[in-house]
Amino acid sequence: MALDGIRMPDGCYADGTWELKMHVTDLNRDVSLRVTGEIHIGGVMLKLVEKLDVKKDWSDHALWWEKKKTWLLKTHWTLDKYGIQADARLLFTPQHKLLRLQLPNMKHMRVKVNFSDRVFKAVSDICKTFNIRHPEELSLLRKPRDPKKKKKKLEEAEEEALELEGPLLTPGSASEILYIGPVKGSIYSSPGLYSKTMTPTYDSRDGSPLSPTSAWFGDSPLSEGNPSILAVSQPITSPDILVKMYKPQSLLDKAKINQGWLDSSRSLMEQDVKENEVLLLRFKYHSFFDLNPKYDAIRVNPLYEQAKWAILLEEIECTEEELMMFAALQYHINKLSIMSSENHMNNSEKEIDEVDAALSDLEITLEGGKTSNTLGDITSIPELADYVKVFKPKKLTLKGYKQYWCTFKDITISCYKSREEAHLMPAHQMNLRGCEVTPDVNISGQKFNIKLLIPVADGMNEIWLRCDTEKQYAQWMAACRLASKGKTMADSSYSLEVQNILSFLKMQHMNPDPQIIEPITTDINPECLVSPRYLKKYKNKQPGFVRDLILARILEAHQNVAQMSLIEAKMRFIQAWQSLPEFGMTHFLAKFQGGKKDELIGITYNRLIRMDASTGDAIKTWRFSNMKQWNVNWEIKMVTVEFADEPSLAFICAEVDCKVVHEFIGGYIFLSTRAKDQNESLDEEMFYKLTSGWI
């Protein structure tokens with residue numbers, strides 16, 4: 001008597017087989033197979049396809065175990081090795097699925113992404129398709145929800161703002177992209193240029209970026225009229241767009257946004273990302289390596305867009321003068337973008353040389369690398385010595401600056417009562433290693449202050465320096481920034497830092513005798529160039545008056561940047577963004593060991609900062625350069641960091657998986673190991689070792 005059809009009480013058959021239930025997503029069909037635990041995953045898929053008897057390319061399909069949230073990608077493993085039994089339900093589904101990707105310019109694209117790859121690998125593939133170098137700086141973020149808006153209304157508003165356009169196909173890559181934006185019915189072919197030897201991706205005639213298609217096909221018909229959607233900046237058409245978008249109102253709101261970063265060491269499916277879900281492609285790590293405008297036009301523009309929206313949506317604080325400077329740069333970039341899309345005007349060889357020279361300077365500026373100038377006398381370390389006003393605030397006292405003769409040697413500031421007493425013991429002495437340096441500048445008020453938070457055993461000492469002139473401020477601010485990193489003024493980046501600060505201040509100047517500028521016929525609305533918070537100052541004024549007032553101030557500030565090329569203006573915008581005190585700081589809510597209330601942990605490219613949750617004031621700073629190791633207790637969500645010469649730091653992550661915080665720390669450590677003499681291939685395994693915690 002045959003026993004293979006007799007089913008036992010445990011669900012297995014008498015011959016040792018059992019039914020494995022599977023669902024084929026493409027066909028919306030349930031299928032059962034008789035299997036044993038010894039059959040390997042490849043064999044299961046083969047039997048399934050044979051049973052389906054549907055002529056179709058199944059090569060992209062794989063098995064997904066819903067209950068365990070895991071892909072069964074090791075096809076040589078058996079069901080027993082995976083621990084799959086008769087109660088399991090598997091999905092037979094494509095690995096590549098459509099994702100609605102919001103780019104830094106707030107435009108949406110539908111991208112076919114591998115949902116079985118780790119997020120780090122998926123982002124690398126996306127960036128390679130888009131021709132964005134150094135994909136390790138980017139990642140995917142879940143879209144923040146505005147708690148004031150109902151979910152349904154928010155989604156409706158999103159759909160109204162989007163328009164599906166023609167397909168953007170990328171032959172030769174695994175991604176298929178549908179663009180949601182302004183270019184209608186055009187097909188782009190991106191070979192994914194991604195090497196150190198690629199040709200410049202900006203147009204030397206006017207500084208406008210070339211598309212990957214133009215760079216690859218040259219003057220062929222395929223390149224005509226096809227500007228790269230990622231390299232071209234698009235102006236905001238209405239101030240209503242800014243009003244409707246979510247703006248964090250506090251540091252706690254910013255911390256909640258950062259809860260949405262995806263785990264780079266797990267796949268999209270493992271993190272419950274659904275097909276057609278909206279995810280944000282953003283620069284996660286604010287450490288932009290080897291930013292070269294000749295090769296990185298497509299990388300520069302998303303950076304510019306992320307900086308622009310951070311300022312407009314008030315994600316980063318800036319003064320009114322800085323806001324006008326950013327608005328003027330936006331106005332200039334919008335104007336040149338429109339002009340370059342309409343026609344390309346031939347410039348002289350001299351102008352090309354000037355653009356190239358400017359780009360070379362900016363390349364050095366933004367990467368923080370070494371200049372090509374010959375070094376000065378390296379046997380002596382430069383020093384600063386001048387009269388500087390110093391203030392040490394105390395509780396219940398008004399600010400009162402006292403003038404000292406101050407010398408800046410190595411990384412130490414010494415204060416003397418007068419120049420004549422400089423050979424005596426100083427009245428005050430400050431070692432700036434590990435300190436926080438914050439500018440407090442008002443150009444119109446001729447205020448040039450430097451706020452120093454100097455680490456001590458029980459916290460931070462607050463010291464203020466007041467300079468008399470822009471030049472003095474630039475020299476002392478540059479020296480303070482280097483000293484905070486343990487570097488002296490002998491470092492090759494000192495003179496460059498001084499020039500960057502002076503350039504940043506110059507762009508904020510208002511012309512006392514502004515020339516009358518011919519209005520340019522564009523659709524640019526000046527109210528779209530400033531944050532809604534600035535507009536609230538004039539809420540009781542007539543709209544026409546407000547528009548004219550803002551436009552006048554922008555045009556006045558525009559005179560400082562009017563001669564810049566398109567790519568240079570974008571680079572200057574990024575540089576100014578990097579100069580803001582809050583730049584590159586990612587906040588998380590945390591409870592520190594020994595603390596009684598929730599505080600913030602701020603993470604930047606080179607340090608950790610304990611911060612007051614309500615005011616944002618720094619309480620204590622720890623540099624990565626002084627860190628020995630860090631560990632995570634996954635059960636209680638506690639991160640512990642040990643340092644070489646100070647007590648260890650321990651905190652529990654609140655409202656966020658400690659894996660996100662752990663990945664930021666490890667990610668910045670990973671980025672610090674990059675060097676220009678390395679090839680551009682990424683050491684993925686090293687990234688996972690530093691960020692995953694369990695690999």
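Mentor: A helix here is a DSSP run of H or I that is at least four residues long. The model is predicted. Start with helix H1, residues 41-52. Right after H1 comes Asp53, with a positive phi near 55°.

Trainee: How do you know that the end-to-end span of H1 agrees with its 12 residues?

Mentor: Take 1.5 Å times one less than the number of residues. For H1 that gives an expected 16 Å, and the end C-alpha atoms are 17 Å apart, so the two agree.

Trainee: Which residues of H1 are buried?

Mentor: Ile41, Gly43, Val44, Met45, Leu48 and Leu52. They pack against strands S1 (18-24), S2 (29-35), S3 (61-65), S4 (70-72) and S5 (89-94), and also against helix H2 (79-82).

Trainee: Why is Asn131 called buried?

Mentor: Buried means under 20% relative accessible area. Asn131 has 1%, so it counts as buried. Asn131 sits in the loop between helix H3 (119-130) and strand S8 (138-142). Its C-alpha atom is 9.4 Å from that of Ala297, 166 residues away along the chain.

Trainee: And what makes Tyr494 buried?

Mentor: The cut-off is under 20%. Tyr494 has a relative accessible area of 12%, so it is buried. The residue belongs to helix H12 (494-507). Beyond its sequence neighbours within four places, Tyr494 contacts Leu384, Gln475, Ala478, Ala479, Leu482 and Met489.

Trainee: What makes Glu137 and Arg674 a salt bridge?

Mentor: The rule asks for a Lys or Arg side-chain nitrogen within 4 Å of an Asp or Glu carboxyl oxygen. Here the closest N and O atoms are 3.0 Å apart, so by the rule the pair qualifies. Side chains of opposite charge can pair when their charged atoms come close.

Trainee: Where in the chain do Glu137 and Arg674 lie?

Mentor: Glu137 is in the loop between H3 and S8, while Arg674 is in the loop between H16 and helix H17 (684-691). They are 537 residues apart, so the pair links distant parts of the chain. Both residues are buried. Both also belong to a salt-bridge network with Arg133, Glu136, Asp290, Asp296 and Arg299.

Trainee: How many salt bridges does this rule give?

Mentor: The count is 27. Among them is Glu320 with Lys537, closest N and O atoms 2.6 Å apart. Glu320 is in helix H9, and Lys537 is in the loop between helix H13 (532-535) and helix H14 (543-558). Glu320 also bridges to Arg553, with the closest N and O atoms 2.5 Å apart. Arg553 lies in H14, so this pair ties together parts 233 residues apart in sequence.

Trainee: Why are Glu320 and Lys537 called partly exposed?

Mentor: Partly exposed lies between the buried limit, 20%, and the exposed limit, 50%. Glu320 has 30%, so it falls in that range. Lys537 has 47%, so it does too.

Trainee: What makes S22 and S21 paired strands?

Mentor: At least two bridges are needed. S21 (607-611) and S22 have five, in the antiparallel sense. One bridge joins Leu608 to Trp622 of S22.

Trainee: Why do S22 and S23 count as edges of the sheet?

Mentor: The sheet is open and antiparallel, with seven strands in the order S22-S21-S20-S19-S25-S24-S23. S22 (618-623) and S23 (627-633) each have a single partner strand, so one side of each has no neighbour in the sheet. Neighbouring strands are turned by 30° against each other on average, direction ignored.

Trainee: Which helix lies across strands of this sheet?

Mentor: Helix H16 (658-671). It lies across S19, S20, S21, S23, S24 and S25, and runs at about 160° to S23.

Trainee: Which residues have the most contacts inside the largest nonpolar core?

Mentor: Leu101, Phe130, Leu140, Leu268, Leu281 and Trp577, in a core of 74 residues. Helix H9 (320-342) supplies the largest share, 10 residues. A second, separate core has 38 residues, including Tyr246, Val278, Phe651 and Val656.

Trainee: What does Leu101 touch?

Mentor: Setting aside residues up to four places away in sequence, its contacts include Ile126, Phe130, Leu140, Leu279 and Leu281. Lys107, His108, Met109 and Val111 are also touched by Leu101.

Technical notes
Residues are numbered from 1 along each chain as its sequence is written. This is a predicted model: local features need pLDDT of at least 70, side-chain atom pairs count only at pLDDT 80 or more; totals for chains, interfaces and linings use all residues. Side-chain values use heavy atoms; hydrogens and water are left out. Helices (H or I, at least four residues) and strands (E, at least two) are DSSP runs, numbered from the N terminus. Buried means under 20% relative accessible area, exposed over 50%, partly exposed in between (1.4 Å probe, protein chains only). Axes are lines fitted to C-alpha atoms, for helices over the stretch in contact, and angles run from 0 to 180 degrees between N-to-C directions. Contact means heavy atoms within 4.5 Å. A nonpolar core is a set of buried Ala, Val, Leu, Ile, Met, Phe, Trp, Tyr and Cys residues joined through side-chain atoms within 4.5 Å.
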